Amino acid sequence: MINIHTISAEQTLAIRQQVLWPSHDLAFCRVPEDDTGEHYGAYLNGQLIMVASLFTSGNEIRLRKFACLPELQGKGYGSEMLNYLVEQQAGKALTSFWFDARCSAIGFYQRLGFLVTSEVFDKHGVDYVKMAKAL
């Protein structure tokens, strides 16, 4: 069981880098909207193991930089975190929860009810698709 709390954008950077872009520096792992986003951390036995950031625009909310430490992937923590983040949107005037997903993770997101909504595209040498779920 993980404990999920809001954290600062700065607290997300080390895991973002380690998991998503290990060959880049911390600055590369920032997004321009970090100052206005909502950032979440999942803790296991007091250790930060996973991060996620949410950004609202109009009636949509976007997930960015969702990352779990590699040694703890495949244990259900990512599903628990993503379900929590979606549930937190209940009652808000939002219609869609969406994100850019690495193609290697499509199956994970599909099992949680997300649908592929775009063709494959490249970001920094990695194949992605857009995925979404109606709220």
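The exercises below, with worked solutions, concern a predicted model.

**Exercise 1.** Determine how strand β5 (residues 96–102) is placed in the structure and which strands pair with it.

*Solution.* Start with burial, taken as under 20% relative accessible area. Six of the seven residues of β5 are buried, so the strand is largely enclosed by the rest of the structure. Next, take the pairing with strand β4 (residues 60–68): the two run parallel and are joined by three bridges. Within this pairing, Ile61 has Phe97 of β5 as its bridge partner. Then take strand β8 (residues 126–134), which runs antiparallel to β5 and is joined to it by seven bridges. Here Lys130 of β8 stands opposite Asp100. Finally, consider the connection: β4, helix α2 (residues 77–87) and β5 form a β-α-β unit that is right-handed.

**Exercise 2.** Check the length of helix α1 (residues 9–20) against the expected span, and find what its buried residues pack against.

*Solution.* The helix has twelve residues, which at 1.5 Å a residue should span 16 Å. The C-alpha atoms at its ends lie 15 Å apart, which agrees. Its buried residues are Ala9, Thr12, Leu13, Ile15, Arg16, Val19 and Leu20. They pack against β1 (3–7), β2 (38–44), β3 (47–57), β4 and β5.

**Exercise 3.** Identify the residues of the largest nonpolar core that touch the most other members, and trace the contacts of Phe114.

*Solution.* The core has 43 residues, of which Ile2, Ile49, Met50, Leu63, Met81, Phe97 and Phe114 touch the most other members. Strand β3 gives the most to this core, six residues. Leaving out residues up to four places away in sequence, Phe114 touches Leu82, Val86, Phe97, Phe99, Tyr109, Met131, Ala132 and Lys133.

Key:
Residues are numbered from 1 along each chain as its sequence is written. This is a predicted model: local features need pLDDT of at least 70, side-chain atom pairs count only at pLDDT 80 or more; totals for chains, interfaces and linings use all residues. Side-chain values use heavy atoms; hydrogens and water are left out. Buried means under 20% relative accessible area, exposed over 50%, partly exposed in between (1.4 Å probe, protein chains only). Helices (H or I, at least four residues) and strands (E, at least two) are DSSP runs, numbered from the N terminus. Two strands pair if DSSP finds at least two bridges between them. A crossover is right-handed if, with the strands pointing away from the viewer, the path from the first strand over the helix to the second runs clockwise. The expected span of a helix is 1.5 Å times one less than its number of residues. Contact means heavy atoms within 4.5 Å. A nonpolar core is a set of buried Ala, Val, Leu, Ile, Met, Phe, Trp, Tyr and Cys residues joined through side-chain atoms within 4.5 Å.
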